[in-house]
Amino acid sequence: MIYLDHAATTPLDGGALEAMRPYLTTVYGNASSQHSYGRAAANAVISARDKIAGIMGVSSDNLYFTSGGTEAGNTALKGVCAATRGKGRHIVLSAIEHPALLSSARDMCAYGYELTLVNPSENGEVSAEDVARAIRPDTVFVGVMSANNETGILQPVKDIYAVCRERGVFFYCDCVQTAGVLPFADFPADGIGFSAHKFYGPKGFGGLYVGGNHVFKRLLSGGEQERGLRGGTTFVAGAVGCAYALEKAYANADVNNAKVCALRDGFVNRVLKEIDGTHLNGGSYGRLPSNANISFDGCDGEQILFALDLRGIAVSTGSACSSGAVTPSHVLTAMGLDEKRVKGAVRFTFGKYNTEEEADITVNALKEVVRKIRGL
Ligand code: PLP
């Protein structure tokens, strides 16, 4: 099996599993309980929060644990809208955001909010000038991700944050794809979301940072967990595994990024050279080291995906959340690519356990698969 879908999820790191194990077996107290079982669990959560906040360069008091990136985005967008009701009802998002934000904003439109989407260039980058033009006096929330999950293209977050600060608008950056890969400091924002399963941590755990004097209302009402802003029993093992995985990811980021980037570049060069009618979407613009989004003329991305799957190679045609649906990629469409190029796109995302041999096997399989599909 060759796994080339690390933007969708990564395998759990063995060390993270070992760090989590006690909190799934012997140290099983509820972190809100007052007895010693509870205190042991609560201490683990405190250490995990401090470790993650330290890595992010933020205060632990501003870091809220969530079930992942989707909940972080929902909480930020809906929570900030709820807390700024008197100020306005306008939301600005890049058109290439993950559904976690796009769907949240559409939910808010049912309550009288207006949504403006900012399209990227053909290279997949959203410009700060375009974001500035979209902001109105009644704008309460701007969201632009650090790197797109389909193309891997990095966004000019520092410039966009500067615009939002000047205009006094809350800026949220979905850092799900860059957490553990590139420093959080490269993507400053008022609100930041991340998800552990993208950096070899457990699925179903993530976090939301909300800084400064910004306030938000809670999405999940319940107990007083997360300082009353996110009810629900804390996933203690998740917090421990997330902290372990994030620390390890950054400790090895230089080595892993260089390895993954070399694998990806070698793969892309071979595909573009050895298979006619192939196009790297987003071009050679600044992108995540792991990502290659390639369109194949005369092919349907889904056909390639299934044919590779039969050969034991796992890839994606877009974000995992939209697979199963036949709607074309909203990201490639927003970049202005024509329908055929959008339909023919396949996303390959490399990870730390992939090898050169696996990349070569995939190129050879692609040559065969693409020839067959084109011959049909
Ligand atoms: N944001 C981005 C950019 C993503 O790639 C994903 C997952 O694919 C999410 C948010 C959702 O994160 P989670 O799976 O933790 O809900």
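Let me start with the ligand, which in this predicted model is surrounded by Gly68, Gly69, Thr70, His98, Met145, Asn149, Asp174, Val176, Gln177, Ser195, His197 and Lys198. Within that set, three polar contacts can be described atom by atom. At glycine 69, a polar backbone atom lies 2.8 Å from an oxygen atom of the ligand, whereas at threonine 70 the partner is an N or O atom in the side chain, 2.6 Å from a ligand oxygen. Histidine 197 also contributes through its side chain, where an N or O atom is 2.9 Å from an oxygen atom of the ligand.

Two of these residues, Gly69 and Thr70, take us directly into the helix packing, since they belong to the H3 side of a contact with H4. Helix H3, residues 69-83, packs against helix H4, residues 99-109, at an angle of about 30 degrees, and their axes are 9 Å apart. The crossing in which H3 passes H4 is right-handed. Besides Gly69 and Thr70, the H3 side includes Gly73, Asn74, Leu77, Lys78 and Cys81, and these residues meet Ala100, Leu101, Ser104, Ala105, Asp107 and Met108 in H4. By class, the residues of this contact divide into six nonpolar, five polar and two charged.

Next, consider helix H1, residues 14-24, and helix H7, residues 236-251, whose axes come within 8 Å and cross at roughly 160 degrees. At that angle, which is over the 145 degrees used as the cut-off, H1 is therefore roughly antiparallel to H7. H1 passes H7 in a right-handed crossing. On the H1 side we find Gly15, Ala16, Ala19, Met20, Tyr23 and Leu24, and they meet Val236, Ala237, Gly238, Val240, Gly241 and Tyr244 in H7. The composition here is nine nonpolar residues, three polar and no charged.

Finally, helix H8, residues 253-274, and helix H12, residues 356-375, pack at an angle of about 20 degrees, with 10 Å between their axes. Those two helices are therefore roughly parallel to each other, and their crossing is right-handed. H8 contributes Leu263, Phe267, Arg270, Val271 and Glu274 to the contact, while H12 contributes Glu356, Ala359, Asp360, Thr362, Val363, Asn364, Leu366 and Lys367. Sorted by class, that contact of H8 with H12 has six nonpolar, two polar and five charged residues.

Terms used:
Residues are numbered from 1 along each chain as its sequence is written. This is a predicted model: local features need pLDDT of at least 70, side-chain atom pairs count only at pLDDT 80 or more; totals for chains, interfaces and linings use all residues. Side-chain values use heavy atoms; hydrogens and water are left out. Axes are lines fitted to C-alpha atoms, for helices over the stretch in contact, and angles run from 0 to 180 degrees between N-to-C directions. Helices (H or I, at least four residues) and strands (E, at least two) are DSSP runs, numbered from the N terminus. Angles under 35 degrees count as roughly parallel, over 145 as roughly antiparallel, 65 to 115 as roughly perpendicular and the rest as oblique. A crossing is left-handed if the near helix is turned anticlockwise from the far one by less than a right angle, and right-handed if clockwise. Contact means heavy atoms within 4.5 Å. Ala, Val, Leu, Ile, Met, Phe, Trp, Tyr, Cys and Pro count as nonpolar, Asp, Glu, Lys and Arg as charged, and the others, Gly among them, as polar. A residue is near a molecule or strand if one of its heavy atoms lies within 4 Å of it. A polar contact is a pair of N or O atoms within 3.5 Å; within protein, one must be able to donate a hydrogen and the other to accept it, and residues adjacent in sequence count only if both atoms are side-chain atoms.
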